[in-house]
Amino acid sequence: MKEYTMELCEVTRILPFIPINETMAFASFVVLGDTELVATCAPKLAEMIGPVDAILTAEAKGIALAYEVSKCLGLNEFIVARKSTKSYMKDVVSASVHSITTTGEQHLYLDGVDASKIKNKNICIIDDVISTGESLHALEVLAQNAGANVVKKAALLAEGNAANREDIVFLKKLPLFTKTDDGYKELK
């Protein structure tokens with residue numbers, strides 16, 4: 001197989017393969033900018049999440065999803081962890097992250113104003129895809145450092161072994177793939 005065809009909430013997308021190493025690959029799922037997919041999936045994900053005080057995501061791919069899920073949950077705003085500090089940020093809270101789609105270690109930052117908005121609140125962490133769980137863990141540490149109570153962790157997709165986790169909610173499993181002579185096949 002040269003590319004992976006995925007159906008999510010009755011929306012079909014063709015995903016290209018991105019090699020992880022010489023024998024394995026993942027199907028690249030980018031929800032950022034996909035209005036149709038976000039609008040279709042957000043109500044279903046919001047239903048799985050249930051009542052929370054706030055939504056927290058990391059820039060950038062989870063932003064559109066966090067926005068739409070926040071609307072579905074009747075929230076007036078959502079919080080975005082930044083990947084760099086900005087001059088306006090004061091009393092910054094931070095955490096480190098290393099993910100399958102990121103080269104090297106990155107840091108997540110939360111402005112003190114945003115941190116105060118989630119302090120002592122029940123929150124949901126949202127990401128587009130949960131794979132190794134490193135990004136999710138960094139968001140959880142960031143939320144805890146800000147004094148928030150993480151009551152849900154959610155994504156559109158759980159990739160590979162992440163689909164076996166019992167501490168997350170997601171809409172569909174995204175398999176990993178192994179290299180073959182004519183492309184890739186789903187890793188069982």
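The legends below describe close-up views of a predicted model.

Local features are given where pLDDT is at least 70 and side-chain atom pairs where pLDDT is 80 or more, while totals for chains, interfaces and linings use all residues. Residues are numbered from 1 along each chain as its sequence is written, and side-chain values use heavy atoms, with hydrogens and water left out.

**View 1. Helix α1, residues 35–49.**
Helices (H or I, at least four residues) and strands (E, at least two) are DSSP runs, numbered from the N terminus. The expected span of a helix is 1.5 Å times one less than its number of residues. For the 15 residues of α1 this gives 21 Å, and the end C-alpha atoms are 20 Å apart, which agrees. The helix bends by about 35° at alanine 42, and proline 43 follows within four residues; the bend is the angle between axes fitted to the seven residues ending at a residue and the seven starting there. Just after α1, glycine 50 has a positive phi of about 80°.

**View 2. The buried residues of α1 and what they pack against.**
Buried means under 20% relative accessible area, exposed over 50%, and partly exposed in between, with a 1.4 Å probe and protein chains only. In α1 the buried residues are Leu37, Val38, Cys41, Ala42, Leu45, Ala46 and Ile49. An α-helix has 3.6 residues a turn, so residues three or four places apart point the same way. The buried residues of α1 pack against strands β1 (3–8), β2 (11–19), β8 (122–130), β9 (149–159) and β10 (169–174), and against helix α2 (63–72). Contact here means heavy atoms within 4.5 Å.

**View 3. The antiparallel sheet.**
Five strands form an open sheet in the order β1-β2-β3-β11-β12, with antiparallel pairing. Its edge strands are β1 and β12 (183–186), each pairing on one side only. The twist averages 40° from one strand to the next. Two strands pair if DSSP finds at least two bridges between them; β2 and β3 (residues 24–27) run antiparallel and are joined by 3 bridges. Proline 19 stands opposite alanine 25 in β3. Helix α1 packs on this sheet, touching β1 and β2, and its direction makes about 115° with that of β2. Axes are lines fitted to C-alpha atoms, for helices over the stretch in contact, and angles run from 0 to 180 degrees between N-to-C directions.

**View 4. The parallel sheet.**
A second open sheet has 5 strands in the order β5-β4-β8-β9-β10, with parallel pairing. At its edges stand β5 (79–81) and β10, each with a single partner strand, so one side of each is left without a neighbour in the sheet. Neighbouring strands are turned by 25° against each other on average, direction ignored. Strands β9 and β10 run parallel and are joined by 5 bridges. Leucine 157 has lysine 172, in β10, as its bridge partner.

**View 5. Helices α2 and α4 on the parallel sheet.**
Helix α2 lies across β4, β5, β8 and β9, running at about 170° to β4. Helix α4 also packs on the sheet, touching β4, β5, β8 and β9, and its direction makes about 160° with that of β8. The buried residues of α2 are Leu65, Ala66, Glu68, Val69 and Ser70, and their cover includes α1, β4 (54–58), β8 and β9. Glycine 74, just after α2, takes a positive phi of about 75°. Helix α4 (residues 134–145) has 12 residues and reaches 16 Å from its first C-alpha to its last, close to the 16 Å expected. Its buried residues are Leu136, Ala138, Leu139, Glu140, Leu142 and Ala143. Glycine 147 follows α4, with a positive phi near 90°.

**View 6. Aspartate 128 in strand β8.**
Aspartate 128 counts as buried, at 3% relative accessibility. Leaving aside residues up to four places away in sequence, aspartate 128 touches Phe29, Val31, Lys61, Leu65, Ala155, Leu156 and Leu157.

**View 7. Cysteine 9 and cysteine 124.**
A disulfide is a covalent bond between the sulfur atoms of two cysteines. Here it is counted as a pair of cysteine sulfur atoms within 2.5 Å, and the count comes to 0 disulfides. The sulfur of cysteine 9 is 3.2 Å from its closest cysteine sulfur, in cysteine 41, too far for a bond. Cysteine 124 is in no disulfide, and the nearest cysteine sulfur, that of cysteine 72, is 12 Å away. Cysteine 9 is buried, with a relative accessible area of 18%; cysteine 124 is buried as well, at 0%.
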